[in-house]
Amino acid sequence: MSLLSFESLCTLLLSQVLLVLGMQEIHADQEMVDKISAAGQLMQCSASLDVLFLLDGSYSIGKGSFERSKHFAGKLCDAFNIHPDRVRVGMIQFSSTPHLEFPLDSYLTKQDLKERIKRVVFRGGSTETGRALKYVLHKGFPGGRNSSVPQVLIIISDGKSQDSTAMPAMQVKERHIMVFAVGIKFPRWEELYVLASEPAERHVLFAGDANDAANGLYSTLTGSVCSTTAPGCKVESHPCERRTLETVKELAGNYVCWKGSKQPNAVQASLCPFYRWKKVLIKHPSRCFRTVCPDPCDSQPCQNGGTCVPEGLDKYHCLCLVGYGGDVHCAPKLSLECSVDLLFLMDSSAGVTLEGFLRYKAFLKRFLQAVMGQDSTTNVGVAQYSNDVRIPIQVGQHKDAFSLMKSIDGLNFSGGGTLTGRALQYIAEHGFRSSPVFADKQDNLPRVVVLLTDSKSQDSVAEVAENMRERDLFLIGVGSSFMRAELTKVTGNPKQTIVYSDPQDLFNRIPQLQRRICSVGSPEGCQAQSLDLVFAVDASAGVGLENFLRLRGFARSSSLHFSVNRDVTQLALVVYGSRAHTVFALDTHTSGAAVLQAISQGSFLGGSASAGGALLHVFGDVMTVRKGARPGVSKVVVVLTNGGGMEDAAAPAQQLRHNGILVFVVAIGDARRDVLLRVAGSPDYLVHISSYEDLQHYQDLIIERICEEAKSPVNLCKPNPCMNQGVCILGPGSYQCQCHGWEGPHCESRVLRGDSPRSLLPPARSQAQWRSGGLRRFPRASPHTKRHRGHRH
């Protein structure tokens, strides 16, 4: 009978849950959090108000949470206009007994008050919240004013009082004291609701987010004692959620156990309950009242899918999609400034999947939206293939981007086999056929085919692709990285192969594709473009002598693509191991022949590699006016390496970019791509090659990217052309060096000391020399270089 009673008790216990610990917080959506934080900058309660903090200093809070409580109290004071005639603040710390830290009339400036709060010392003890409230009832607000001044009591506690709080809390509120209960650490909401004034939703706050809690306090006070909010700001109710992480005891099952028996020397087998502890997240939907101010992004100023990011209450910036950013509102940045007949050939086979086909459609639409203006002279068509080939959009069929986008939306997935070779053959014969629609168009435009595929071809592509190239069809391949080899067979040139690392990275290839299309028939190299170019060659033991000679040879052959002289391209060579060595500086050689001979003097160093040290050397000892660098000229560093020693190079590379110097990384071998990307800063400036034998095939691609960068506008003050700590100041199409103790166009000459008039009054142009093109022996930058290089700031 006793056993049955025990099992009945087990069943009863199964339906009960023992709450032991509650970790609680308030959640709201991120947009609301941002608006709350911005509104906090305008809050300032200037009414006559007596505010008393009741700060929990018990052991259940702990010293860490107590320090956070002090920080929170200081944050709340930011919302008050602390003044003898406006807001006064006092503080009581309570635990086993209440202790007056300072009365309300002690600190009458905000700075003094916040400094005093920081000096409050944690006392420890039990949590006697009821006793602290009785102390307030008995002592009142020490240092406060008469009863005509509203009184606000702010209790910061974890809500785990060891005495009764209901009666003294009710008596405090009956005296018309406005009570806010602020939860710290892992509060018990139930007790905080008992302590707070009504309505509790407006008077219970959470200190986990000081900005949110300060906003909540101010929002409630605005409705009663504080002045109104700033113009356009208003108190709004929004849904929020109180989450409680509670530890519960639950029955895990019944297990055999042994019990005593009335019979002597006997035991009885039975089933006993086994319990386990489990953490359960319990959500309590609620509403919060917060002051929200007009958001500069409410008007949706960003165009073309750009994301608006507010900066305070009146400023914002737009995060633009790839291909946009022509202005602050994400106007199209790219354009096809070339006239071509352009046909996109999209893989629609089962190998690419429906998801991949839809991704290619989205890519195609975004590309055309970014590059096709109203006056575009490019004729566009779209074909798709699997087992068969279709050309649903003939080249030049649509005269405007809107109708072209609509036709692309109507393309349907085919499925089936991947016969890329057959598709290329069909396009060669039928892709650019003359028809009445082309009657008013020139028939001598370059013809470009862009192949979009992510699936290996089931037939041969090399021979038909070569035949297309012989017909003067310009082929570009776009696909995922594992398609690189096959796409290069199609294009016949690695620089016309565009690969992406993941689906999202495909959209980052838009600028690269635009450059490829418009490079048809363009001359190689930078024959007329001003450029300061440094090759930094890894000469460490990790590369080895044989491969170092290959890297050096690559730098040597690359120099042939540039017009080396004072007015166009200047070259420098740095080799590095554990230390960097300048083989020759930018202003050392003035002809291509001299550069070719000088590169051959670069020596193998051995030892470990430090790419970071090499980049710091380039920044401090090579790309400087003193060593020949020219203000107003694009600057590029090409790092040739096997990827070793790159771990310390990310920060120096960022410093170079911040100063307007592009870092281009060419890595050969099995190096970590994530490390290389941190140094290059962007996939556009990283070429990762599997073997040294393949390096020569990528030379055209690398040089083209360098030359494209040389066309970008530059900031005349980056890097700083002023020597000896001179300050560079931009002017309209020029700059000046503001010198201190030095003189000259670039602060290169020390001011003479002594009694001469020269030492007392520098010449009129010595302290601030305006320069339009650098030193006299430096050429004037070409017109496009006089605009600021905004994307390098």
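**Exercise 1. Where is the place of Pro-719?** Then look at the peptide bond before Pro-719, and find a similar case elsewhere in the chain.

*Solution.* A quick reminder first: this is a predicted model.
- Step 1: Pro-719 sits in the loop between helix 21 and strand 24 (727–731).
- Step 2: The bond from Lys-718 to Pro-719 is cis, and its omega is near -5°.
- Step 3: Glu-198 and Pro-199 are also joined by a cis peptide bond, with omega about -5°. Pro-199 belongs to the loop between helix 7 (189–195) and helix 8 (200–203).
- Step 4: Most peptide bonds are trans, and most residues other than glycine have a negative phi. On the phi side, have a look at His-176: it isn't a glycine, yet its phi is positive, about 65°. You'll find His-176 in the loop between helix 6 (166–174) and strand 6 (178–183).

**Exercise 2. Work out how helix 3 and helix 4 run relative to each other, and list who touches whom.**

*Solution.*
- Step 1: Take helix 3 (residues 62–77) and helix 4 (residues 110–118); their axes are 9 Å apart and the packing angle is about 170°.
- Step 2: Angles over 145 degrees count as roughly antiparallel, so that is the label for this pair of helices.
- Step 3: From helix 3 come Lys-70, Ala-73, Gly-74 and Cys-77; they meet Lys-110, Leu-113, Lys-114, Ile-117 and Lys-118 of helix 4.
- Step 4: Sort the residues of this contact by class and you get 4 nonpolar, 1 polar and 4 charged.

**Exercise 3. Sketch the open sheet of 6 strands and place helix 18 on it.**

*Solution.*
- Step 1: Draw the strands in the order 20-19-18-21-22-23, with mixed pairing.
- Step 2: Mark the edges, strand 20 (580–584) and strand 23: each has a single partner strand, so one side of each has no neighbour in the sheet.
- Step 3: Add the twist, which averages 20° from one strand to the next.
- Step 4: Join strand 18 (residues 531–538) to strand 21 (residues 634–641) with 7 bridges; these two run parallel. Leu-531 stands opposite Ser-634 in strand 21.
- Step 5: Lay helix 18 (residues 611–621) on the sheet, touching strands 18, 19, 20, 21 and 22, with its direction at about 45° to that of strand 20.

**Exercise 4. Describe the second largest pocket by its volume and its lining.**

*Solution.*
- Step 1: The volume is about 470 Å³.
- Step 2: Of the 21 lining residues, Ser-481, Arg-484, Val-499, Arg-673 and His-688 are the closest to the centre.
- Step 3: Strand 17 (497–500), strand 23 (686–689) and helix 21 (699–710) each supply at least two lining residues.
- Step 4: By class, the lining has 9 nonpolar, 6 polar and 6 charged residues.

Technical notes: Residues numbered from 1 in each chain as written. Predicted model: local features only at pLDDT ≥ 70, side-chain atom pairs only at ≥ 80, totals over all residues. Heavy atoms only, no water. Axes fitted to C-alpha atoms, helices over the stretch in contact; angles between N-to-C directions. Helix = DSSP H or I, 4+ residues; strand = E, 2+ residues; numbered from the N terminus. Parallel < 35°, antiparallel > 145°, perpendicular 65-115°, else oblique. Contact = heavy atoms within 4.5 Å. Nonpolar A, V, L, I, M, F, W, Y, C, P; charged D, E, K, R; others polar. 1 Å grid on protein atoms, 1.4 Å probe; cavity = no way out; pocket = protein on both sides within 12 Å on 5 of 7 lines; lining within 4 Å. Points joined across faces, edges and corners; volume = space filled by probe spheres on them. Pairing = 2+ DSSP bridges.
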